Amino acid sequence: MTILVTGATGAVGRHLVSTLLEHGSRVRAVTRAPEKAALPPEVEVVAADLGDPGTLGDAVFAGIDRAFVFPADGVDRFVEAASGAGIDRFTVLSSLAAAKEFPRDEGSASQLHHAAIESAVTSCTDEWTILRPGTFANNLLSWAWPIKNDWPIRAPYLASAQAPIHEADVAEAAAATLLSTDWVGQAIPLTGPQALTRTEQVDAIGAGIGRELHVIEIAPEEFRADMAQYVPESIITMILDYWSDTVTEPDLPRPVTAVTGRPGRTLEQWAHDHRADFAPVAAS
């Protein structure tokens with residue numbers, strides 16, 4: 001059995017590829033730049049653009065019966081091509097926002113994007129599994145620059161509490177659903193194992209990298225102004241709404257244990273795994 005992995009060079013994709021190889025699966029990885037993929041030598045790497053049907057031929061689909069769908073723009077074209085090639089089993093990386101559990105999710109950028117991807121898959125097959133992770137711990141890499149420079153982190157809503165999930169936990173859940181039929185037809189919410197206030201998140205990162213970190217609370221509008229030149233307004237609003245809501249209603253932890261049989265990785269462990277990302281800037 002060869003499993004097709006899209007988004008194979010991303011944070012989740014690399015862990016997924018490694019996990020599938022550890023389970024003895026053959027893996028074919030799709031990327032637009034095979035020469036830069038830097039994947040294990042056992043992986044068959046093919047060049048394709050998920051949004052360009054002209055690149056999605058036999059080299060991508062021959063011998064494949066299941067695929068991991070990364071939620072890239074234009075992935076509906078990939079799903080259509082894969083289904084036409086006889087692939088009818090998909091694990092989809094979506095978002096908890098697609099479940100619309102809270103009013104803030106309805107019409108948010110994440111909900112609209114991921115709901116469309118879910119629909120592209122569920123409309124063409126009954127053999128699907130949807131993974132809906134909440135906030136990724138990797139989002140906290142936005143704090144890497146001040147940490148590297150030994151500056152205080154500036155952040156709003158320090159009392160709000162989220163349950164960030166390690167990308168490796170999402171990858172292991174994806175592997176479990178690709179290697180078993182137990183999860184077919186299910187949409188699975190996933191979070192980290194514990195809801196932590198943003199102050200506690202700073203402390204957990206400090207413990208993981210072995211440094212004392214400092215944080216200063218700023219107003220939401222100051223955060224909005226700081227981010228305006230880098231992030232679309234709709235995304236800023238979505239993030240601020242999430243942090244505001246989780247002051248009074250923290251994330252409900254839904255760790256991956258039910259899927260993987262293993263405890264979810266803590267935020268401190270995530271920080272330790274990413275310690276190179278937070279390493280101090282070398283003095284010039």
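Which residues does the domain assignment of the protein give to domain 1 and which to domain 2?

1. Domain 1 takes 2-133 + 166-190, while domain 2 takes 138-162 + 193-252 + 265-278; these bounds come from an automatic or database domain assignment. A word on the ground rules: this is a predicted model, in which local features need pLDDT of at least 70 and side-chain atom pairs count only at pLDDT 80 or more, whereas totals for chains, interfaces and linings use all residues. Residues are numbered from 1 along each chain as its sequence is written, and side-chain values use heavy atoms, with hydrogens and water left out.

2. On to how the domains meet. Their C-alpha centres are 27 Å apart, and the contact (heavy atoms within 4.5 Å) draws 11 residues from domain 1 and 13 residues from domain 2. Together they bury about 960 Å², with 52% of it on carbon and sulfur atoms; buried area here is the accessible area (1.4 Å probe) that two parts lose on being put together, summed over both. On the side of domain 1, Arg104, His166 and Glu167 lose the most area to domain 2, together 55% of what that side buries.

3. The polar side of this interface deserves a look. Three salt bridges are counted between domain 1 and domain 2, a salt bridge being a side-chain nitrogen of Lys or Arg within 4 Å of a carboxyl oxygen of Asp or Glu. Aspartate 169 also pairs with arginine 265 in a salt bridge, with the closest N and O atoms 2.5 Å apart.

4. Which helix gives the most to the side of domain 1 that touches domain 2? Helix 6 does, with four residues; helix 4 (109-122) and helix 6 (167-179) each supply at least two. Helices (H or I, at least four residues) and strands (E, at least two) are DSSP runs, numbered from the N terminus.

5. Now the whole structure, where a search finds 14 salt bridges. One of them joins glutamate 44 and arginine 28 (3.0 Å, N to O). Glutamate 44 sits in strand 3 (residues 44-47) and arginine 28 in strand 2 (residues 26-31), so this pair ties together parts that are 16 residues apart in sequence.
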